[in-house]
Amino acid sequence: MLLDTLADYGAHDARAPLAPDVMHHAKRAVLDWLAALYPGTRTAPCAQLLAAHRDELGLGASSLPGCGTTALPATAAWINGSVSHAVEFDDIFRDAVYHPGCPTISAALALAEARQADGLALLRAVVAGYEISTRIGAAMQPAHYRYFHTTGTVGSLGAAAAGAAMLAPGSADVMRHAIATAATLAAGLQQAFRSDAMSKALHAGNAANVGVRAALGAANGITGVPDILEGEVGFGAALAGQVEWQRATEGLGQVYNITRITQKNHGCCGHTFAAIDAALALRAQGVLPDEIEHIDVRSYRTAIDVTGNDKPVTAFEAKFSLAYVVSHALLHGSVRLSAFDEARLHDPALRALMRRLTLREDPALTAGFPRQRAAHVEITLKNGRTLRHEAPYRKGDPESPLSDAELDDKFAELAGPVLGSARMLALRDAIWRLDTLSVADLRLAADPATV
């Protein structure tokens with residue numbers, strides 16, 4: 001059965017040496033996850049989750065970075081997973097339409113700290129979780145994404161695999177039962193994207209929590225259904241229908257998806273990125289906002305379904321509004337955290353530019369989804385001149401990855417205001433040496449408390 005193959009792989013790689021490039025990309029993933037997490041501690045739902053779990057804080061050894069406290073593993077995974085998804089700067093595996101870092105690393109870290117593990121064990125667990133979950137996710141797309149949020153569903157399996165690798169490295173049985181249990185507890189609905197609620201961020205936290213609990217259960221004898229993935233009424237049948245299960249094992253243990261992760265260059269929904277990149281390319285050619293008569297954006301169907309709101313009111317809605325973020329990019333040259341400040345949300349110049357933008361589907365780009373995320377932007381100036389740019393992929397995608405230096409800069413920008421410069425630099429340097437350290441050496445629970 002499929003689960004046997006995945007569990008055998010996970011058990012092997014939880015103890016095997018990691019190839020240098022795989023190790024390096026695992027460190028990149030951890031650094032990028034922390035970059036997304038720290039600013040998340042200063043926004044909803046962090047304060048709400050801390051208040052909801054106030055009686056559990058300080059009880060365990062699993063840190064809540066940026067919050068100055070700890071919790072038991074499942075609670076830490078629940079909070080960290082949610083918080084790291086909150087500001088929309090977390091990583092993506094494009095083929096699966098999936099943010100693997102939030103659930104997988106949150107679960108792996110919580111258990112690593114509880115077990116006083118070393119950094120190498122943490123990195124191995126992260127790799128196992130990424131490899132297993134990204135392949136399952138890719139096999140189920142694009143049908144799965146019509147109704148379900150992959151980070152909440154498939155993310156539960158990634159978190160469970162990472163947790164099993166941490167708790168019982170080398171045990172295929174624990175890996176198998178952890179993933180099987182997580183599969184029947186996985187959840188996350190697309191409707192959560194359609195309103196200004198906190199539910200979307202909680203999907204990642206719930207996946208991390210499910211993974212931790214499933215792994216702890218499996219390590220202590222709780223069993224799961226062996227054909228839960230491809231069974232007649234199993235995970236694939238219920239959440240996608242037709243599934244290309246062969247994709248779940250292609251290159252398993254030989255070609256590592258963690259080396260093909262997209263790291264975000266913009267602080268909003270990834271379905272907008274190609275259009276933002278194209279708009280920025282035109283801006284670099286000298287296009288001035290005041291000269292623009294009309295902006296025509298063509299993208300794939302899912303981008304329109306998820307980011308087609310052209311009248312966003314709140315910061316959350318603006319992050320899922322292609323019209324807003326493209327217009328902001330043309331006005332300000334970037335879409336970072338400040339793009340969603342209250343003053344920017346109500347800027348008359350920005351709103352006026354949004355009204356000049358048309359978003360429509362390009363069937364050829366729809367056909368390429370999810371393996372390609374492209375957009376065409378055409379700007380007509382008031383003098384009648386027309387400029388066009390096609391972005392066949394996004395900055396941060398495997399075809400144009402963020403460099404290590406760019407990841408360092410992203411970490412400094414997002415984590416620095418929370419940690420202070422000295423602490424930020426020390427933690428950044430420690431992550432790049434994580435395979436030589438213990439997880440405790442990161443001192444994550446000592447970070448400044450939320451305000």
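These notebook entries record what I looked up about the two domains of this predicted model and the contact between them.

**Entry 1: the division.** I began with the domain assignment. Domain 1 covers residues 2–265 together with 404–446, while domain 2 spans residues 272–391. I then looked up the separation of the two domains, and their centres, taken over C-alpha atoms, lie 31 Å apart.

**Entry 2: the residues in contact.** I next asked how many residues each domain gives to the contact. Domain 1 supplies 26 residues and domain 2 supplies 16.

**Entry 3: the buried area.** I looked up the area buried between domain 1 and domain 2, which is about 1800 Å². Carbon and sulfur atoms give 61% of this area. Which residues of domain 1 lose the most area to domain 2? I noted R94, D196 and N265, which together make up 25% of what the domain 1 side buries.

**Entry 4: polar and charged pairs.** I found a count of one salt bridge between domain 1 and domain 2. I also looked up R336, which forms a salt bridge with E413. In that pair, the closest N and O atoms are 2.6 Å apart. For polar contacts between the two domains, the count is five residue pairs, with both residues at pLDDT 80 or more.

**Entry 5: the domain 1 side.** I asked which helix gives the most to the side of domain 1 that touches domain 2. Helix α18, residues 404–419, does so with three residues. By class, I recorded eleven nonpolar, four polar and eleven charged residues on that side of domain 1.

Notes. Residues numbered from 1 in each chain as written. Predicted model: local features only at pLDDT ≥ 70, side-chain atom pairs only at ≥ 80, totals over all residues. Heavy atoms only, no water. Domains from an automatic or database assignment. Contact = heavy atoms within 4.5 Å. Buried area = accessible area lost by both parts, 1.4 Å probe. Salt bridge = Lys/Arg side-chain N within 4 Å of Asp/Glu carboxyl O. Polar contact = N/O pair within 3.5 Å; in protein donor to acceptor, adjacent residues only side chain to side chain. Helix = DSSP H or I, 4+ residues; strand = E, 2+ residues; numbered from the N terminus. Nonpolar A, V, L, I, M, F, W, Y, C, P; charged D, E, K, R; others polar.
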